[in-house]
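I opened the notebook to record, entry by entry, what I looked up in this structure.

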Amino acid sequence: MKKLITILLVLFSTNVIAQNSYIPYNNNGKWGLSDKNGTIKIPCKYDSVNRKGYYPEDMYYVLHKKKKTGVFIDATNQLIPAIYDKINDTGKHFFIIKNKKHGILSSKNKFLVPMIYDTIGLLDSEYYFSKKGEQYFKINKESLQVTKIINHDYEDNKKPMWGST
């Protein structure tokens, strides 16, 4: 039984490493990334590196440096620098926060929605919501078109009812 468990663990570990083209490594208390041959891809200058995702097409690494967050995207070798207070993956884009302002960033480090909002979050399967001052907006997840909301009353079940301009 122990042999079977050991074999399964080795096979699983080999499968995960084979799918992962980069490996976090530590040098003098700082973290970076190298490929499986030991070639440095991201120098050891981060406080921590955490891998997210399992399949190569959705794998990325969250990089932390001096209380700031960045991302390295495995499939595109794209580095989003560790200059943001927080980064959340939406599955297609990244919600970003810096100096209490929210925006949406592409996996290629391009602003899709500028960092001008007080908040951005998930509204439903089609839209994100955002707030700037006393104004509310909905953002189409596909087109990223921002539409001002003219009515944000709430029902008893606390689900927003949105009317847009």
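**Sheet and ring pairs**

I began with W31, whose bridge partner in β3 is Y46. Strand β2 (residues 30-35) is joined to β3 by 3 bridges, and the two run antiparallel; strands here are DSSP runs of E, at least two residues long, numbered from the N terminus, and two of them pair if DSSP finds at least two bridges between them.

I noted that the model is predicted, that local features need pLDDT of at least 70 and side-chain atom pairs pLDDT 80 or more, while totals for chains, interfaces and linings use all residues. Residues are numbered from 1 along each chain as its sequence is written, and side-chain values use heavy atoms, without hydrogens and water.

I then followed the open sheet of 3 strands, which has the order β1-β2-β3 with antiparallel pairing. Its edge strands, β1 (22-27) and β3 (40-46), each pair on one side only.

Next I searched the whole structure for aromatic pairs and found 5 (ring centres of Phe, Tyr or the six-membered ring of Trp within 6.5 Å; planes under 30 degrees apart are stacked, over 60 edge-to-face, the rest tilted). The rings of Y22 and F72 have centres 5.3 Å apart and planes at 85 degrees, so I entered the pair as edge-to-face. This pair links Y22 in strand β1 with F72 in strand β6, 50 residues apart.

F72 counts as buried because its relative accessibility is 1% (buried is under 20%, exposed over 50%, partly exposed in between, with a 1.4 Å probe and protein chains only). I entered Y61 and F72 as tilted, since their centres are 6.3 Å apart and their planes at 35 degrees. Ring pairs thus link Y22, Y61 and F72 into a cluster.

Note on methods
Helices (H or I, at least four residues) and strands (E, at least two) are DSSP runs, numbered from the N terminus.
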